[in-house]
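Student: Could you pick one part of this model and take me through it slowly? I'd like to know what pairs with what, and what packs alongside.

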Amino acid sequence: MTTDDPLADRWRAARPAAAGLHLDNAACSRQSFAALDAAARHALHEAEVGCYVAAEAAAPVLDAGRTAVAALCGMPGAEVVFTTGALHALDVLLGGWPADRRTLACLPGEYGPNLAVMSAYGFEVRTLPTLEDGRLALDDAALQLDDDPPDFVHFTPLASHRGVVQPLGMVAELCRQLGLPLVVDAAQALGHIDCAAGADAMYSSSRKWIAGPRGVGVLALRPALLDRLTPRLPAPPWGPELSVAQQLGFGEANVAARVGFSVAIGEYLSHGPETIRARLAELGRIARALLADVDGWVVVEEAEEPSAITTLAPAGGADPEAVRAWLLAERCILTTYAGVGRAPNELAAPVLRISPHLDTTADDLATFAEALIAATAATGT
């Protein structure tokens, strides 16, 4: 399929053909031939010369990937640590956080697994005030943070359970004014919205909007914050001398996947981040316009929300889990079922989510709207 959008055509041509309609990019995007080939070539090189020799040879590619991550995060002087995913990155960060400074403030819609990690490390979690749509109430938050400052603010500019874009830039400025470290969960944000806000730490995964392989994540840290951390697995005195960043990232690694990610983020940057963000926001607007009047569902986001994610809340008994299964089995349309565990302090009931990427067309979204009507009827809701 071709369109009159050169960016969409380039994105599509760079990938294997999809087996159906892929509207689940907020979970995992489709890798390009180049990223797949880079990972495969590295694995082959491991077989030829040994994994450690191959890893040394791949160092320039991995360094380029780290530099690209830091640039996309707006943290050019940051150290970037590879992890196995966003949740692992948070685990690494909080595991090294000073033991006497364990209070944080976050949105009520905080990702459920993140809350579990915070609890495991004994953090006191304070909830920031929000408006009815879950967006941060900035003035009220400023008063709260100034009156009783936490040790840091953990902020998710784009959540897993809805496509509401939070005011990251204003939060970053507020934290600078108050002298509070800002940690950003950019798992849904990196490559989707502008993340260059000046955070102290930012972490994300490879497999979502950057379209890299699964099993890779990154943690970007400014030196001032990095110096305050104590690695959970510090280097032994008899071992090689390692920096704090190297100690945080120490351990077994799938280097081939990291190479694939480094190639993927290079491809992403070559397409132009601003152009990509604009197209993703346009796709979100098209989807919400098409889905606004579908019986049995309510579109959660505002029509002009600058994100590609559209969340559908059930109305009148619609069952998101059954509908998701029907769409996949009957129409080969991949969507997301989001249970309340994604945001246990905010999400009252499960929702259905779609997340198109650049190669999705308006016709694809119209096809989904028609299929959603059929799925809702077929599942008896």
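**Strands, sheets and their helices**

Tutor: Let's start with strand β3 (residues 103-106) and strand β5 (residues 152-155), which pair in the parallel sense over two bridges. Strands are DSSP E runs of at least two residues and helices are H or I runs of at least four, numbered from the N terminus; two strands pair if DSSP finds at least two bridges between them. Looking at single residues, Leu 104 has Phe 152 in β5 as its bridge partner.

Two things to keep in mind: this is a predicted model, with local features needing pLDDT of at least 70 and side-chain atom pairs counted only at pLDDT 80 or more, while totals for chains, interfaces and linings use all residues. Residues are numbered from 1 along each chain as its sequence is written, and side-chain values use heavy atoms, leaving out hydrogens and water.

Now zoom out. β3 and β5 belong to an open sheet of seven strands, and if you walk across that sheet you meet β2, β8, β7, β6, β5, β3 and β4 in that order, with mixed pairing. At the edges you find β2 (79-83) and β4 (124-127), each pairing on one side only. From one strand to the next, the twist averages 20° (angles run from 0 to 180 degrees between N-to-C directions, with axes fitted to C-alpha atoms, for helices over the stretch in contact).

Which helix lies across this sheet? Helix α4 (residues 86-95) does, lying across β2, β5, β6 (182-185), β7 (201-205) and β8 (217-221). Contact here means heavy atoms within 4.5 Å. If you compare directions, α4 runs at about 150° to β7.

There's also an open sheet of four strands, and here the pairing is antiparallel, in the order β9-β10-β13-β12. Its edges are β9 (297-299) and β12 (336-338); each has a single partner strand, so one side of each has no neighbour in the sheet. In this sheet the twist averages 30° from one strand to the next. Take β12 as an example: three bridges join it to strand β13 (residues 351-354), and the two run antiparallel. Find Thr 336 and you'll see Arg 353 of β13 standing opposite.

Helices pack on this sheet too. Helix α11 (residues 273-291) touches β9, β10 (310-314) and β13, and its direction makes about 25° with that of β10. Then there's α13, which lies across β9, β10 and β13 and runs at about 160° to β13.

Stay with α13 (residues 362-378) a moment, as it also packs with a helix: its axis and that of α12 (residues 320-331) come within 9 Å and cross at roughly 115°. From α12, the residues in the contact are Val 323, Trp 326, Leu 327 and Arg 331. They meet Phe 368, Ala 371, Leu 372, Ala 374, Ala 375, Thr 376 and Ala 378 in α13. By class, that contact has nine nonpolar residues, one polar and one charged (Ala, Val, Leu, Ile, Met, Phe, Trp, Tyr, Cys and Pro count as nonpolar, Asp, Glu, Lys and Arg as charged, and the others, Gly among them, as polar).

So here's your map to carry back to the picture. Find the seven strands of the mixed sheet and lay α4 across β2, β5, β6, β7 and β8. Then find the four antiparallel strands, with α11 touching β9, β10 and β13 and α13 lying across β9, β10 and β13. Finish where α13 meets α12.
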